[in-house]
Amino acid sequence: MADITEPASEMTADLETMVSLAKRRGFVFQSAEIYGGFAAAYDYGPLGVEMRRNIRDLWWRNTVQERDDVVGIEAAIITNPDVWRASGHLDTFTDPLVECLECQTRHRADQLEDNTCPNCGARDRFTEEREFNLMLSTHVGPVVDESTRAYLRPETAQGMFVNFENVQTTTRKRLPFGIAQIGKSFRNEITTKQFIFRTREFEQMELEFFCRPEDSFEWHDYWKRERLRWYLGLGVRPQHLRLRDHTAEELSHYSKATADIEIHYPWGWGELEGIAHRGDYDLKQHSEHSGKRLTYFDTETNEHIVPHVVEPAVGVDRIMLTLMMDAYREETLDNGETRVLLKLAPAVAPVTVAVLPLSRNDKLQPTARAIWDRLRPHFRSQYDDAQSIGRRYRRQDEIGTPLCVTVDFETLEDEAVTIRERDSMEQIRVPIEGVVEALQERIDALRPDVPSREDVVIESSS
Ligand code: GAP
């Protein structure tokens, strides 16, 4: 496989560059910007929405639709508080918080460097550490008091555990099988300085894969490989990717083993996705608190067993930032100009094909529009005739459009168009009649290679 053990090279885009491109091109805006924004909240613009949709669709197809052992659900965001009591979130979902005695800003104690305030630089000037619960709460119904307090879910995972029995009995799935969900989660994060890497409202894609206890570590290894393959298939550069096992001290209260898929961000290695072995913790907790039996009847042994769970969990927003940063390139052209491009895989790029008439000329318009009509049912496409063709190529490069179709005056004579490739800038001429097939061929050729399962070497967690 592409070697994920080779030394990491830094991303070529720093966070500032990314924030600026994301805004300039309509991927991500600061939320409520006209009112001065709102801490750690972002709105997604037209291109961001398309890209997020692609990420979600690719995950869902890979995790649910292409498998026969995973089904999906969508659970409520505002959940019965008993769920969070049972899961341990009300007691233990905390971060250590300190306040700077000089500038009164609050920080996560475990993220301070040299015990120095990242805001004012004061050293060793903090309050005592206290545990700060990250759950965001609201009130349900017309009375606002403690009795009506409810929580916005901090993870989608619990929806799968509390519906285990419903899903198992309605689908008659036999072990091993998984339940997947995509949806918003909410955390009152203390540190939120890294754009959409860590926000208070974010979207998770989680799979709870239930299996026999004796097979669970094998499944944990299986999912580590599968998830790495998925990122390589999205085109993430192998040298920016690594798998790191948690140390015993790092493990969450529910976890028997966890591996993080990490990315080499400009600020260092950071978690993209966690792949946790949750054992039987959650089903047992919910069974105990609800008084309902959450077991699986094993017809081979005629026994009720509590399945163990392997959980790959990731955020859509974090994948989007990762893909954009990883794809960012600056190239110096022969004429000395700098070309900025996002080398996004066609499957994740917000626009797959842009149709560009050479100029906004009345003679070109009908033919160019007819070609766009022809392409729209097949590709995510855009029609752009504003400004010079050079500027439009640059715009498409910067948003990661893999292919452009240019319509020029010759097109009116020879019924052919030019396909221009983003990465090589090569141009080829193809007849309009076969343009869909020609584009599809190029998209297929640009698809990143996915290594076979055997070729992904990992350390076993068993
Ligand atoms: N159910 C397990 C769970 O939620 P987690 O490591 O806390 O585990 C899983 O979260 C993933 O969700 C992370 O790896 C990250 O991709 C994403 N995520 C978590 N908190 C986030 C936040 N505040 N902003 C954006 N993404 C977040």
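**Is Asp245 buried, partly exposed or exposed?**

This is a predicted model: local features need pLDDT of at least 70, side-chain atom pairs count only at pLDDT 80 or more, and totals for chains, interfaces and linings use all residues. Residues are numbered from 1 along each chain as its sequence is written, and side-chain values use heavy atoms, with hydrogens and water left out.

**Exercise 1. Classify Asp245, then find its partner.**

Step 1. Learn the scale: buried means under 20% relative accessible area, exposed over 50%, and partly exposed in between (1.4 Å probe, protein chains only).

Step 2. Asp245 has a relative accessible area of 34%, so Asp245 is partly exposed.

Step 3. Find the partner. The side chain of Asp245 meets that of Lys224 in a salt bridge (3.6 Å, N to O). A salt bridge is a side-chain nitrogen of Lys or Arg within 4 Å of a carboxyl oxygen of Asp or Glu.

Step 4. Place both residues. Lys224 lies in helix H7 and Asp245 in strand S12 (residues 241-245), so this pair, 21 residues apart, links distant parts of the chain. Helices (H or I, at least four residues) and strands (E, at least two) are DSSP runs, numbered from the N terminus.

Step 5. Check Lys224. Its relative accessibility is 0%, so Lys224 counts as buried.

**Exercise 2. Describe two further salt bridges and a network.**

Step 1. Recall the principle. Side chains of opposite charge can pair when their charged atoms come close.

Step 2. Take Asp397 and Arg339. Their closest N and O atoms are 2.9 Å apart. Asp397 sits in helix H11 (residues 389-399) and Arg339 in strand S19 (residues 338-342), with their positions 58 residues apart in the chain. Asp397 is buried at 1% relative accessibility. Arg339 is buried too, at 2%.

Step 3. Take Asp423 and Arg422. Here the closest N and O atoms are 2.5 Å apart. Asp423 is partly exposed at 26%, whereas Arg422 is buried at 4%.

Step 4. Look for a network. Salt bridges link Arg52, Arg56, Glu203 and Asp317. The whole structure holds 42 salt bridges.

**Exercise 3. Work out the order of a sheet and name its edges.**

Step 1. Read the order. Three strands make an open sheet, S4-S9-S8, with antiparallel pairing.

Step 2. Find the edges. Strands S4 (78-79) and S8 (136-139) each have a single partner strand, so one side of each lacks a neighbour in the sheet.

Step 3. Check one pairing. S4 and S9 (residues 149-152) are joined by two bridges. Two strands pair if DSSP finds at least two bridges between them. Ile78 stands opposite Leu152 in S9.

**Exercise 4. Describe the second largest pocket.**

Step 1. Give the volume: about 770 Å³. Grid points are joined across faces, edges and corners, and a volume is the space filled by probe spheres set on the points.

Step 2. Apply the pocket rule. On a 1 Å grid over the protein atoms alone, a pocket is an open set of points where a 1.4 Å probe fits, with protein on both sides within 12 Å along at least five of seven lines; lining residues have an atom within 4 Å of a point.

Step 3. Name the lining. It has 25 residues; Leu58, Arg61, Gly233, Ala347 and Arg447 lie nearest the centre. Helices H2 (46-65), H7 (216-233) and H13 (435-446) each give two or more residues. H2 supplies the largest share, five residues.
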